[in-house]
Amino acid sequence: YEQLRGEVQLDLARLSRADPDARRRSRAANMIGVLALDAQLIPTVQQDFLLLVRGAIDNFRYAVELDPSNAEAKRNLELALRIPGTANLPPNAPSGSRDGGRTAGLGQTGGGY
């Protein structure tokens, strides 16, 4: 199962970067995020879990950037951002030093895709 899952993730990653159709790239990036949050494979170590969630969030954001009409990716992003502990994740574009950012998490709910 894990080998097949890894192959699928690799194929999706290739598709999300190289397919000429932005909508297909968006759907592939969304699926990478969905696979990352498979409830059967969630790590028990909190830090590992948060890293997994960060990767899923990044893929959902990328999917929305590629295709702003991808409602599924927007919904998945919204749900992932509601996972407890994600407020403590470092932002993608820090507003300060590693330990001194000022703007992470200050946006309105439902915005900032």
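At 46% relative accessibility, Asp-11 falls in the partly exposed class. In this predicted model, Asp-11 is the partner of Arg-14 in a salt bridge whose closest N and O atoms sit 3.1 Å apart. Both residues belong to helix α1, which spans residues 2-18, and the three residues that separate them amount to about one turn of the helix.

Before going on with the charged pairs, a word on the chain as a whole. The mean pLDDT is 81, with 76% of the residues at 70 or more. The weak stretch is residues 93-108, where pLDDT stays under 50; for that stretch the model has six contacts beyond four places in sequence. As for secondary structure, the chain has four helices and zero strands, so the order from the N terminus reads simply α-α-α-α. Of the 113 residues, 31% are buried. Among contacts between residues at least 6 apart in sequence, 59% link residues at least 24 apart. The exposed surface comes to about 7,500 Å², and 54% of that is supplied by carbon and sulfur atoms.

Back to the charges. Side chains of opposite charge can pair when their charged atoms come close. The count here is six salt bridges. One of them joins Arg-24 to Asp-19, at 3.0 Å from N to O. The two partners differ in how they are covered: Asp-19 is buried because its relative accessibility, 13%, is under the 20% limit, whereas Arg-24, at 35%, counts as partly exposed. Asp-19 is located in the loop between α1 and α2. Setting aside neighbours within four places in sequence, the contacts of Asp-19 are Arg-14, Arg-24 and Arg-25. Arg-14, then, touches Asp-19 and also forms the salt bridge with Asp-11 described above.

Further along, Arg-54 pairs with Asp-58 in another salt bridge, and here the closest N and O atoms are 3.3 Å apart. Both sit in helix α3 (residues 46-66), and because they are four residues apart, about one helical turn separates them. Arg-54 is the buried partner at 15% relative accessibility, while Asp-58 is partly exposed at 30%. Elsewhere, salt bridges with shared partners tie Asp-19, Asp-21 and Arg-24 into one network.

Now for the nonpolar side of things. The largest nonpolar core has nine residues: Ala-36, Phe-49, Leu-50, Val-53, Ala-56, Ile-57, Phe-60, Leu-77 and Ala-80. Two elements, α3 and α4 (71-81), give two or more residues to this core, and α3 gives the most, with six. Ala-80 is a handy place to look at the packing: leaving out residues up to four places away in sequence, Ala-80 touches Leu-37, Val-53, Ile-57, Phe-60 and Thr-86. There is also a second, separate core of six residues, among them Ala-29, Ala-63, Val-64 and Ala-73.

Helix α4 has its own buried set, made up of Ala-73, Asn-76, Leu-77, Glu-78 and Ala-80. Several of these names have already come up: Leu-77 and Ala-80 are in the largest core, and Ala-73 is in the second one. The cover over the buried residues of α4 includes α2 and α3. At the start of α4, Asn-70 places a side-chain oxygen within 3.3 Å of the backbone nitrogen of Glu-72.

Asn-70 turns up again in a polar contact of 2.8 Å, side chain to side chain, with Ser-26. Ser-26 is part of helix α2 (residues 22-36) and counts as buried because its relative accessibility is 0%. Beyond residues up to four places away in sequence, Ser-26 touches Ala-63, Val-64, Leu-66, Asp-67 and Asn-70. Two of those neighbours, Ala-63 and Val-64, are members of the second core.

Definitions and conventions. Residues are numbered from 1 along each chain as its sequence is written. This is a predicted model: local features need pLDDT of at least 70, side-chain atom pairs count only at pLDDT 80 or more; totals for chains, interfaces and linings use all residues. Side-chain values use heavy atoms; hydrogens and water are left out. pLDDT is the predictor's confidence in each residue, from 0 to 100. Contact means heavy atoms within 4.5 Å. A salt bridge is a side-chain nitrogen of Lys or Arg within 4 Å of a carboxyl oxygen of Asp or Glu. Buried means under 20% relative accessible area, exposed over 50%, partly exposed in between (1.4 Å probe, protein chains only). Accessible areas come from the Shrake-Rupley method with a 1.4 Å probe; for residues, only the protein chains shown count as cover. A polar contact is a pair of N or O atoms within 3.5 Å; within protein, one must be able to donate a hydrogen and the other to accept it, and residues adjacent in sequence count only if both atoms are side-chain atoms. A nonpolar core is a set of buried Ala, Val, Leu, Ile, Met, Phe, Trp, Tyr and Cys residues joined through side-chain atoms within 4.5 Å.
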